[in-house]
Amino acid sequence: IEDYDELLAQLPDSSKLRLGRARILAFARNYDAALQELERLHAADPGNFEVLREAARFAFWGRRYSESL
């Protein structure tokens, strides 16, 4: 996570870095932080299917079943 944070400090608008950070957070079972990261991405690009898919997946993993639909 620290590496992503350092890179994001240099490239704050990088959607690829933010998505990677969200995935690392989710794999670490930090679903709240992962979903917050995805909310930022979704606000910047509402039509990004990959962000929507990952949000549904992470919500499901975090047992937020109604949010995963």
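Which polar atom lies 2.7 Å from the backbone oxygen of tyrosine 65? In this predicted model, the partner is a polar atom of the side chain of serine 68, and the setting of that pair is taken up below, after an account of the chain as a whole.

## Overall architecture

The chain contains 4 helices and 0 strands, and its elements, read from the N terminus, follow the order α-α-α-α. Among these helices are α2, which spans 15-27, and α3, which spans 31-44, while α4 covers residues 49-61.

The radius of gyration is 12 Å, which agrees with the value near 11 Å that a compact globule of 69 residues would have. Taken along the principal axes, the box filled by the C-alpha atoms comes to roughly 35 × 25 × 15 Å. Where contacts join residues at least 6 apart in sequence, 33% of them link residues at least 24 apart.

## Surface and charge

Of the 69 residues, 30% count as buried. The chain exposes about 4,800 Å², and carbon and sulfur atoms supply 52% of that area.

The charged side chains number 10 positive and 12 negative, and the centres of these two sets lie 6 Å apart.

## Two arginines with positive phi

Arginine 29 is located in the loop between α2 and α3, and its phi is near 65°, a positive value in a residue other than glycine. Its relative accessibility is 67%, and because the cut-off for an exposed residue is over 50%, arginine 29 counts as exposed.

Arginine 63 belongs to the segment after α4 (49-61), and here too phi is positive in a residue other than glycine, with a value near 60°. The relative accessible area of arginine 63 is 66%, so this residue is likewise exposed.

## Serine 68 and its surroundings

Serine 68 is also placed in the segment after α4, but in contrast to the exposed arginine 63, serine 68 counts as buried, with a relative accessibility of 16%. That assignment follows because buried means under 20% relative accessible area.

Which residues does serine 68 contact, once its neighbours within four places in sequence are left aside? They are Ala56, Ala59 and Phe60, and these positions fall within the 49-61 range of α4. The buried serine 68 thus combines contacts to these three residues with the 2.7 Å separation between a polar atom of its side chain and the backbone oxygen of tyrosine 65.

Conventions
Residues numbered from 1 in each chain as written. Predicted model: local features only at pLDDT ≥ 70, side-chain atom pairs only at ≥ 80, totals over all residues. Heavy atoms only, no water. Rg over C-alpha atoms; globule rule 2.2 N^0.38 Å. Buried < 20%, exposed > 50% of the residue type's maximum accessible area, 1.4 Å probe, protein only. Contact = heavy atoms within 4.5 Å. Areas by Shrake-Rupley, 256 points an atom, 1.4 Å probe, with all protein chains shown as cover. Lys, Arg positive; Asp, Glu negative; His and termini not counted. Charge placed at Lys NZ, Arg CZ, Asp CG, Glu CD. Polar contact = N/O pair within 3.5 Å; in protein donor to acceptor, adjacent residues only side chain to side chain.
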